[in-house]
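Open the model in your viewer and keep the selection box ready. The tour moves from one selection to the next.

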Amino acid sequence: MRRDAFWMPFTANRQFRTAPRLLSRAEGMYYWTPEGRQVLDGPAGLWCVNAGHCRPRIVEAVRRQVGEMDFAPTFQMGHPIAFEFAERLAAIAPKGFSRVFFTNSGSESADTALKIALAYHRARGEGQRYRLIGRERGYHGVNFGGMAVGGIPTNRKVFGPGLSGVYHIRHTHDLAKNSFSRGQPLHGGIELADDLERLCLFHDPSTIAAVIVEPVAGSAGVLVPPRGYLERLREICTRHGILLIFDEVITGFGRLGKPFGAERLGVMPDLFTTAKALTNATIPMGAVFAKEEIFDAFMQGPAGIELFHGYTYSGHPVACAAGIAMLDTCEEEGLLERAAGLESRWEAAAHALKGAPHVIDVRNFGLMAAIELAPRPGAPGARGYEAFVRAFESGVLIRVTADIIALSPPLIVDKPQIDRIFQAIREALTSVA
Ligand SMILES: Cc1ncc(COP(=O)(O)O)c(C=O)c1O
């Protein structure tokens, strides 16, 4: 079969064609290659298949819905299943997050949350709040808003000037002080969060609309916030009337041992974004959760469309069916809390890699972990990529971002599977130069 036409995303296309890695079937904790080789799923696909693959309830719900009503609009129309799913989501959200805006991806959720923040201030007569603040090494997807507030240089540098009025606070990763931290690092939280206070003083806080951060940065390589950091961000935002947005596209839906990362970390934002595990990744979908007060601010003016924003597929019926079945599966199996019970085993297995070849840091939180490798001199990323290929050949899928191995297995993972993931990494590291 020719493999020329598919321009693959975030992929070394030419390299891939010389040695393709293909997956053609999935169930539970495993993928299978077209040749029938079983591969244990270490990153839950792409941080998204939290309930494991091809869960029967979800498969059946999608089948049923696609035959009953494939699509219906949600602009000035509605369908019952979208309302039902939003109610179910509001019921598991932290208190006060009573409104749900549907999107189709994490990128769209990030841009939607930023636009809601800007429009919210405007609706309250504070239209001068137009500045947006992100964080170095943050990832909020690839659309223009998320790219602007995101902080991964390769994702930004060839795409022009982006949005104006966007600033970044420093990232929270400090290898010198916090390497091999178990859970939240001890050092630097207050000082790093005070970057926000400095930006406020410099730019006039009454011009700042929102700050967006991932509670735990995922794509940049599992950067766990130091103790006190998020609390301080919250305090500064509240003091200056700035909205705090959490991007929970990875940390939502049980990844950290509670339904949402905000609950695990004990800090509440004003808006938060989700996608990925919202439908167990079966059908693409995202959702922005808003506090009641934010929604209410939009409901004050003359009757009419309150927010000129939305997507053709917002609240897509098949995605809603998948999402409801995902929540049912989570409830039946206690998946949104399951990570809490596995965390100590996960942590111990990850940190056992301290001392393995090339390892300069191990960090973990909930069912997330990263193993950071020393880059090969003159070839950053090569060692990580080779470890990824070796692990795949040995039957374990891992994710690498440059020289950082990132892990986030489906929440149904068992203890022997946890051990197998880290054993495969140890073997891969031993065989890589
Ligand atoms: C925190 C965060 N926000 C946004 C996104 C973008 O999501 P999507 O790829 O669905 O657009 C991701 C994807 O990894 C993410 O991790």
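This is a predicted model. Start by selecting Val288, which lies in strand E10, residues 286-290. Is Val288 buried or exposed? Its relative accessibility is 1%, so Val288 counts as buried.

Now show what surrounds Val288. Leaving out residues up to four places away in sequence, Val288 touches Arg99, Val100, Phe101, Thr103, Ser109, Thr112, Ala113, Ile116, Leu271, Phe272 and Thr273. For a distance check, pick the C-alpha atoms of Val288 and Ser408. They are separated by 22 Å, and the two residues are 120 residues apart along the chain.

**The loop before E10**

Step back to the loop between strand E9 (271-274) and E10, and select Asn280 there. Asn280 has a positive phi of about 60°, although it is not a glycine. Most residues other than glycine have a negative phi. Asn280 has a relative accessible area of 3%, so it is buried.

Stay in the loop between E9 and E10 and select Ala275. Ala275 is buried too, because its relative accessible area is 2%. Which residues does Ala275 contact, leaving aside neighbours within four places in sequence? Select Ser105, Gly106, Val249, Met285 and Gly286. Then draw a line between the C-alpha atoms of Ala275 and Phe102. The separation is 9.3 Å, with these positions 173 residues apart along the chain.

**The cores**

Next, look at the nonpolar side chains. The largest nonpolar core has 109 residues. Within that core, Ile405 and Phe422 have the most contacts. Which helix gives the largest share of this core? Select helix H12, residues 317-333: it supplies 10 residues.

Centre the view on Ile405. Setting aside neighbours within four places in sequence, Ile405 is in contact with Ala369, Ala370, Ile371, Leu373, Ala387, Ile398, Arg399, Val400, Ile425 and Leu429.

A second, separate core has 20 residues. Among them are Ile212, Ile245, Val288 and Phe298. Val288, the opening stop in strand E10, is thus back in view.

**Around H12**

Show H12 together with helix H3, residues 56-68. Their axes are 8 Å apart, and the helices pack at an angle of about 155°. An angle over 145 degrees counts as roughly antiparallel, so H3 is roughly antiparallel to H12. The crossing of H3 and H12 is right-handed.

Colour the residues that meet here. H3 offers Arg57, Ile58, Ala61, Val62, Gln65 and Val66. H12 offers Pro317, Val318, Ala321, Ala322, Ala325, Met326, Asp328, Thr329 and Glu332. By class, the contact of H3 with H12 has 10 nonpolar, 2 polar and 3 charged residues.

Keep H12 and swap H3 for helix H4, residues 80-92. The axes of H4 and H12 come within 9 Å and cross at roughly 35°. This crossing is left-handed.

On the H4 side, select Ile81, Ala82, Glu84, Phe85, Arg88, Leu89 and Ile92. On the H12 side, select Pro317, Cys320, Ala321, Gly323, Ile324, Leu327, Asp328 and Glu331. The contact of H4 with H12 divides into 10 nonpolar, 1 polar and 4 charged residues.

**H8, H9 and a loop**

Move on to helix H8 (residues 189-203) and helix H9 (residues 229-240). What is the angle between their axes? The axes cross at roughly 20° and come within 7 Å. H8 and H9 are therefore roughly parallel to each other. H8 passes H9 in a right-handed crossing.

Display the contact residues as sticks. From H8, take Gly189, Ile190, Leu192, Ala193, Asp194, Leu196, Glu197 and Cys200. From H9, take Tyr229, Arg232, Leu233, Ile236, Cys237, Arg239 and His240. Sorted by class, this contact holds 9 nonpolar, 2 polar and 4 charged residues.

For the last stop, select Val222 in the loop between strand E7 (208-213) and H9. Val222 has a positive phi of about 55° and is not a glycine. Is Val222 buried or exposed? At 0% relative accessibility, Val222 counts as buried.

Technical notes:
Residues numbered from 1 in each chain as written. Predicted model: local features only at pLDDT ≥ 70, side-chain atom pairs only at ≥ 80, totals over all residues. Heavy atoms only, no water. Axes fitted to C-alpha atoms, helices over the stretch in contact; angles between N-to-C directions. Helix = DSSP H or I, 4+ residues; strand = E, 2+ residues; numbered from the N terminus. Parallel < 35°, antiparallel > 145°, perpendicular 65-115°, else oblique. Left-handed = near helix turned anticlockwise from the far one by under 90°. Contact = heavy atoms within 4.5 Å. Nonpolar A, V, L, I, M, F, W, Y, C, P; charged D, E, K, R; others polar. Buried < 20%, exposed > 50% of the residue type's maximum accessible area, 1.4 Å probe, protein only. Core = buried A, V, L, I, M, F, W, Y, C linked by side-chain atoms within 4.5 Å.
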